[in-house]
Every structure is written in C-alpha cells, then in structure tokens.
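Here are some short exercises to work through with the model open beside you. Try each task before reading its solution.

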2 protein chains.
Amino acid sequence: MTASRTARERVRAELTREIVEIARRQLATEGAGGLSLRAVAREMGMVSSAIYRYFPSRDDLLTTLIIDGYNALGEAVERADAATPPDDFPARWAAVCHAVRDWALAHPHEYALLYGSPVPGYQAPQDTIGPRVRDLVVFGGILSDAQRAGALAPASAALDADPALASEAEASLGELMPEVPGDVLLRALSAWTSLYGWVNFEVFGQLQGAFQDNGPVFGHSVRVLGAMIGFTRPA
Amino acid sequence: MTASRTARERVRAELTREIVEIARRQLATEGAGGLSLRAVAREMGMVSSAIYRYFPSRDDLLTTLIIDGYNALGEAVERADAATPPDDFPARWAAVCHAVRDWALAHPHEYALLYGSPVPGYQAPQDTIGPRVRDLVVFGGILSDAQRAGALAPASAALDADPALASEAEASLGELMPEVPGDVLLRALSAWTSLYGWVNFEVFGQLQGAFQDNGPVFGHSVRVLGAMIGFTRPA
DNA sequence: CCACCGTCAAGAGCGGTGCTCTCTTTTCCT
DNA sequence: AGGAAAAGAGAGCACCGCTCTTGACGGTGG
C-alpha cells in the first residue's frame, strides 16, 4: 500500500531533488539574483508553473538552498576539525578557519547567499537556525576542549572586560561553548568576526590585487588570531 | 553664453541629482534588488525611457550610489578621526571603528551595497577605487602616525611573520600607511577584517539576539583589537 | 473491473522589470 | 529665424514571479 504511494512520492522526491540541484548550479553560475524558476523549469523540460507544485515560491527554493549551504559549510568545518589532533588547539582553530575559507572560495555564490547581503524581501525562516550555527558549534567545542585542558590563556589584566559584559557573553554563548570564561569568549568573538570579515573581503573581491596570493596572508592572520584567543600548543 | 548653456545643463544636473536622491531613498527602503528605474521614473512623473537620458543603465545608477556610499562612509570616518586627539591612537582607532559601525547601522542597505554580496552581473568600474579606500586611508594615517610617534608595539617574537609576507605587506600597503613595519601591517589587517566582519554580522542580522545591546560588546572588541594592533596610550 | 478523485503538467495571462527604438517636442546656437 | 542638438513620450521586446483554469494520468475503494 505504502509501496504504491511511495511510487508517486518517490518520483516527486526525485523531481524535487533535481530542481534543487539545477537551482544550485544556476546559483553557482549566475548568483542568487540570477536564480530563475522559469530557467530551472526550462532546463527540466517543464513548464514554469509546474515548479510551483514543488516549491510554493522562489523564496522557498532559496531557503532550501540556504539550509543546504549552511549544512555543506558546517560539514566541511566538522570534517576539518575531526581530521586534526584533538589536543592541538591552535591547529584545530586553523583547520576550522581554512575550511571556512576554502569552502567559501569554492562556492562563492552559495557563500554570498549565506553571509552576504540578505536577499531583499526574504526573511529566513526558523528552519535555518540549526544548520546556521554548525560552524560555531565546532568552534565552541574547540574552545571548551581547550579550556578544559588548561590550554587557554586567561584574560590579560590590561584588557579585562566589563564583568557584566563577560557574564552576558557567558549567558548567550555558554550553551555552545560551556565553561569558557566570558573574557575569553569576547576575544574569541573578535577572532570569529575577523575570520568571516576576511572571507567576506576575499570572496566579495574587496581586497582584489592587494596580495599576489592571499593564502599565506590568511594563514598568518589565523595564527595571529589564534594567539589572540589564547590557544597554547599542546604540552 | 555659458549662462544660457548652463540653463539647460542646470536643469539636467538638477534632474540627475533628483534621480539619484529618489534612487537612494528607494535603496534605503527596498534594498538594492528593489531599486527600479521605472519606479524612480514614476515618482518623478517621467516616462521610464526618459531616465536613460541620464543614466545609460541601471548599473550606472548603482555605480553612482556606490560611489556616494563610499564617500559618505569615508567622510564619516574622516570626521570621527579628526575629532579625536591626534596623539591618542587607541582613541582614534576606536573612533574609526565606531564611525564605521554607526554609519553602517544607520544606512544598512547602502552598506550592503558596498560590502555585501556583489550585485550579480555588476562589475565595479575603476571610478570606485578612489572613494572605496577612504576609510582605509584614515586607518593608515593612524597607523603611520602611531609608528612615527613610537606608539606602536613591535612585533612579538612568538608571532613574527614570514619575512617575505611582511615585505609583501609593506609593498602593497606601504603607500597607504608608510613606515609601518610589515608585521604590524599584518596584525592591523586582522583587526580591520574583524571590524568589518563584525559590522557585516550585525548589519546582516547574523548575530540577532546574541546580545541585548551589541554596542558595549563591540566597544570591548574594538579595545581588544586595538591592543592586538599594538597601539599604546599617549605618554 | 472500473469509476472516482486527488495529483500533476500545461497553458494562458497579469503585472512587473530593464532596455531599445522611433517619433515628437523643446531648447539652444548660429 | 532656422537648423541642430537634446530631451521626453510611447510602443514594444524579452524576461521575471506568480496565479488560475483546464485536461490527463494513475492509485484506490467499491
């Protein structure tokens, strides 16, 4: 009974998958603005209105692509972290950074969809908040592990944060990265924004021609930021 | 003679200005994607094709808005820096940072146009490179001044950069911020990306709900980054 | 076995877009 | 005053997202 029903549902799932795939390819070549339901339909040999059986609107298709994007980036980051010795915290931080940059450079339009200007009139639904923080979860794990292993420098006295600020940071980030003191969380936040700031600059062409090869500069920046966070090498 | 000629040219300049103004208002309310030449024409009581007498394409209008945006941001940064005691380098750095953030939060759509995903199919012409770096020029001035005043910490031995990297940084950024050693330039670059990374996150809604008020967190982050760059307080 | 009913593709159509072309009107210069 | 240059008006092209209606297909209950 379900077999026959799934017969229909299977072709539906397959078509849905194909739509998303074609859409992603168009996204990769044309960018988010160039994604056109009619073009997807054309490429599938469908009529444009038929697409609406599968995605009620362009925004819904976009949402799917966004969620997929966050998941792809998150997986890349998770893989990079998992492939690094768990007690070498500077290396894990560097692995995460390079994973983010590499993925972004490999999928610039998808990255733009995730971290660029929000699509006008598009409001991200709640479904995106889970996948959206997968990279942050990995980063939080590294921080927590380092803290537990005593491999995180304490806050420097010269730069201690307002205690209220530190505790607010602990409250809002404590779930993702428990046990890490607020001071360190705030430093880590700066490093995190620097990572994504760099990638934004690079993907969006802001530092075009500044360096012959951005890779080494990025690598050095990652080391500097790791030191700012306070990671110490394994004993 | 020129008076009569300017009679026509004056109305042309006036209309051009009005087009840009309406376009900027639409940009502010609708976002870059919602900018429509037809809507601008409607609001002016013109026919859509008449707009093309003033801007040959939508992209050209966008370019004007972009240049204006860079100039507005640059001016805000310059003003903030000029209003700060010239020998208080941490304060000047902080002033620049807050100027960038404040302007971005006040003009989110214009900011998105400058630092968000590039508009698909749009290639920034050469005219933008001048205004584009006005903020960076200010930052470079602060760095150079601090260096000359001996108010910049030298590179820490533990984090010295590859000499080739440092010299490449000096070569590519030396014009904007002369006399600053490459090591420091690389640290400053990290701080700069952190600044814009933060503002990106905030303007694009990425850290929605993370903090009650982002302002103090940003302020602290700016102090941390200033310390990372190596600014020291005036004697 | 078959009639039924839900699912789906197809097509036409609406209002919108950027942009081009032609035609007329206005303005300026000689 | 007359001709050239500039500007506005209008129609039209190809595209877009999206909606509505129509007809066909196919799994399911009687």
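Helices here are DSSP runs of H or I with at least four residues, numbered from the N terminus. The model you are looking at is predicted.

**Exercise 1. Find where Glu179(B) sits, and decide whether it is buried or exposed.**

Solution. Start with the location: Glu179(B) lies in the loop between helix 9 and helix 10 of chain B. Next, count neighbours, remembering that a residue is exposed if 12 or fewer other C-beta atoms lie within 10 Å of its own. Glu179(B) has 12 C-beta neighbours inside 10 Å, so it counts as exposed. Now check the backbone. Most residues other than glycine have a negative phi. Glu179(B), however, has a positive phi near 75 degrees. Turning to the other chain, Glu179(A) has a positive phi of about 70 degrees and is exposed as well, with 12 other C-beta atoms within 10 Å.

**Exercise 2. Work out which operation superposes chain B on chain A.**

Solution. Two copies of a chain are related by a rotation about an axis and a shift along it. For this pair, the rotation is 180 degrees and the shift along the axis is 0.0 Å, with an RMSD of 0.1 Å. That is the relation of a two-fold axis.

**Exercise 3. Describe the side of chain B that touches chain A.**

Solution. First, the count: chain B and chain A each bring 42 residues to the contact. Then the elements: helix 9 (163-173), helix 10 (182-203) and helix 11 (214-229) of chain B each give two or more residues. Helix 10 of chain B gives the most, with twelve residues. By character, this side divides into 22 nonpolar, 15 polar and five charged residues. Finally, 100% of the interface residues of chain B are also interface residues in chain A, so the copies meet through the same surface.

**Exercise 4. Test whether the length of helix 5 of chain B fits its residue count, and say how enclosed the helix is.**

Solution. At 1.5 Å a residue, the 18 residues of helix 5 (residues 89-106) of chain B should span 26 Å. The end C-alpha atoms are 25 Å apart, which agrees. As for surroundings, 13 of the 18 residues are buried, so helix 5 of chain B is largely enclosed by the rest of the structure.

**Exercise 5. Place Pro90(A) and list what it touches.**

Solution. Pro90(A) is in helix 5 (residues 89-106) of chain A. With 20 other C-beta atoms within 10 Å, Pro90(A) is buried. Leaving out residues up to four places away in sequence, Pro90(A) touches Gly226(A), Phe231(A) and Arg233(A).

Terms used. Residues numbered from 1 in each chain as written. Chains lettered and ligands numbered in written order. Predicted model: local features only at pLDDT ≥ 70, side-chain atom pairs only at ≥ 80, totals over all residues. Least-squares fit on C-alpha atoms with pLDDT ≥ 70 in both. Contact = placed C-beta atoms within 7 Å. Nonpolar A, V, L, I, M, F, W, Y, C, P; charged D, E, K, R; others polar. Expected span 1.5 Å × (residues − 1).
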